[in-house]
Amino acid sequence: MYIKDTIAAISTAIGEGGIGIIRVSGPESIQIVNNIFKSIKAKDLADVDSYSAHYGHIVDTSGQVIDEVITLVMKSPKTYTTEDIVEINCHGGMVALRKVLDLILQQGARLADPGEFTKRAFLNGRIDLAQAEAIIDLIRSQTETGLKVAVNQLEGGLSNKVKDIRQDLIKLLAHLEATIDFPEDEIEEFNSEELDGRIDGIIERVEGLLKTSQRGKILKEGIETAIIGRPNVGKSSLLNSLVREKRAIVTEVPGTTRDIIEEVINIDGIPVKIIDTAGIRETEDVVERIGVEKSEEFLNRADLVLLVLDGHQGITSEDQKLMEAIKDKDGVIIVNKLDLDSKLDFNKIEDILPGRPIVKTAAIENKGIDKLENVISTLVLDGEVKNEDQTLITNMRHKNALDRAHQTLLDVKNTFKMNLPNDFITIDLRAALEAVGEITGDTIGEDIIDQIFADFCLGK
Ligand SMILES: Nc1nc2c(c(=O)[nH]1)N(C=O)[C@@H](CNc1ccc(C(=O)N[C@@H](CCC(=O)O)C(=O)O)cc1)CN2
């Protein structure tokens, strides 16, 4: 695929921060910037070394100086996109950045689509699709663990595993097809055991990857958590206590009611997202005032429920209703206020929610919070052992492809058992090969590629 146009975009947050970077990539990028960049030393950017920086000014066609800048010249093929790239480091202001970008567009560059630089890195073969996807994950990671997983994927952790699986499938196919195409050559056919063994080996590796997908999804996306309970049981103290110890990031939840924000707590690398109201920082008891009806709303969308009971008061009918409501949910019962004498009948909890983890806390004094975090971590990751080499399936697209490959390989085993001709087997093996190849983008439609990169930010 030969790309001939030159694209440009502002690659930093506009109007924020002290420096703003404009990135230009493509065959005309050096020429285009040369036309508007004046260095005191009258340098021609076409002649400078790759990865060299140059001080000067951006000047418009009338000779008016727009900004004082540093340009960074990177020459094909060792660049992010593999094309010639020039980056202009401007003073961060919005007006100057836009003006410089306009000048570049006037010189014949086209405004880049979101993700288009990375898309070019993919189309030009520097990275594969899984690595490109890792770049979005890296930018959006919410915890250090999430970041590590994304970096591993960017460095080819997943791609290499997928490539190995593909290689083995190709070898198997080549052999089977040779026996179909040239039966007279008497190519040694695999005996049934050998073929079965090889397929089992591949299935095992596909399953190994699939097994990581739950943990991968959780580490990347986090879990929506609802803290529910009657008024005054200590929900807000509990939230404050968790946030005080483990705050990861605070994000605004788009499209939700005004004032709703999300507190993200980092528990063992899991982004635990707790819906919070902005007012919580002003008054301690906003969560308390939300009451039971609101709790139910949060409950519906939550992956995990923390039901808070007042250990000092005993179980009320309202508590019972809430316990009934979370029967089908993952959840932890928190018996709070244990600084006071407990009057709570634990058997009643066991009756309604048998086997449910119960943690005793005194949230105001931060007591029991560590224990709660351990219980959440174990519950959410299902006691799964931590994967030391951090290749995890974090992406639904990858999981779907592996699921399809897995199913097809099981079909191969069946076909084989039924003693059907090799053609039947090769058809399925090809399907598996194609499914696995979607992960790295070796076998994938343009529409899906476009869709993936459209999700990137501008200038990436
Ligand atoms: N200014 C700036 N900072 C940035 C980026 C950028 O494009 N510009 N990046 C992106 O957004 C990231 C860095 N990513 C990069 C990835 C590959 C190459 C690259 O040129 N790779 C060459 C090897 C270069 C060499 O060793 O000489 C290659 O793989 O062939 C450059 C940047 C983060 N920081």
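Where is isoleucine 223 found? This is a predicted model, and in it isoleucine 223 sits in strand β8. Let's start there and work outwards.

**Around isoleucine 223**

Buried or exposed, what is isoleucine 223? Its relative accessible area is 6%, and the cut-off for buried is under 20%, so isoleucine 223 counts as buried. Setting aside neighbours within four places in sequence, isoleucine 223 is in contact with Ile218, Ile270, Pro271, Val272, Lys273, Asp303, Leu304 and Val380. Take proline 271 from that list: 48 residues separate it from isoleucine 223 in sequence, yet the C-alpha to C-alpha distance is 6.5 Å.

**From β8 to α9**

Strand β8 covers 223-228, and asparagine 232 lies in the loop between β8 and α9. Unlike a buried residue, asparagine 232 is exposed, with a relative accessible area of 53%. Asparagine 232 also turns up in the UniProt record: the unreviewed entry lists Asn232, Thr251, Val253 and Thr256 under "binding site".

**How α9 meets α13**

Two packed helices are described by the angle between their axes and the distance between the axes. Here the pair is helix α9 (residues 235-246) and helix α13 (residues 369-380), whose axes come within 11 Å and cross at roughly 80°. Because angles of 65 to 115 degrees count as roughly perpendicular, that is the label for α9 against α13. On the α9 side, the contact is made by Leu238, Ser241, Leu242, Glu245 and Lys246, while α13 brings Ile369, Asp370, Leu372 and Glu373. Sorted by character, the residues of this contact come out as 4 nonpolar, 1 polar and 4 charged.

**Strand β6 and its partners**

Now for another part of the chain. Strand β6 spans residues 85-91, and 5 of its 7 residues are buried, so the rest of the structure largely encloses β6. Which strands pair with β6? Strand β2 does, and so does strand β5, as set out here.

| Strand paired with β6 | Sense | Bridges | A facing pair |
|---|---|---|---|
| β2 (residues 19-25) | antiparallel | 7 bridges | isoleucine 22 and isoleucine 88 |
| β5 (residues 65-74) | antiparallel | 5 bridges | valine 73 and valine 86 |

If you want to trace these pairings on screen, two residues of β6 will serve as markers. Isoleucine 88 of β6 has isoleucine 22 opposite, and valine 86 of β6 is the bridge partner of valine 73.

Conventions
Residues numbered from 1 in each chain as written. Predicted model: local features only at pLDDT ≥ 70, side-chain atom pairs only at ≥ 80, totals over all residues. Heavy atoms only, no water. Axes fitted to C-alpha atoms, helices over the stretch in contact; angles between N-to-C directions. Helix = DSSP H or I, 4+ residues; strand = E, 2+ residues; numbered from the N terminus. Parallel < 35°, antiparallel > 145°, perpendicular 65-115°, else oblique. Contact = heavy atoms within 4.5 Å. Nonpolar A, V, L, I, M, F, W, Y, C, P; charged D, E, K, R; others polar. UniProt positions renumbered as here; feature names shortened; annotations may be inferred. Buried < 20%, exposed > 50% of the residue type's maximum accessible area, 1.4 Å probe, protein only. Pairing = 2+ DSSP bridges.
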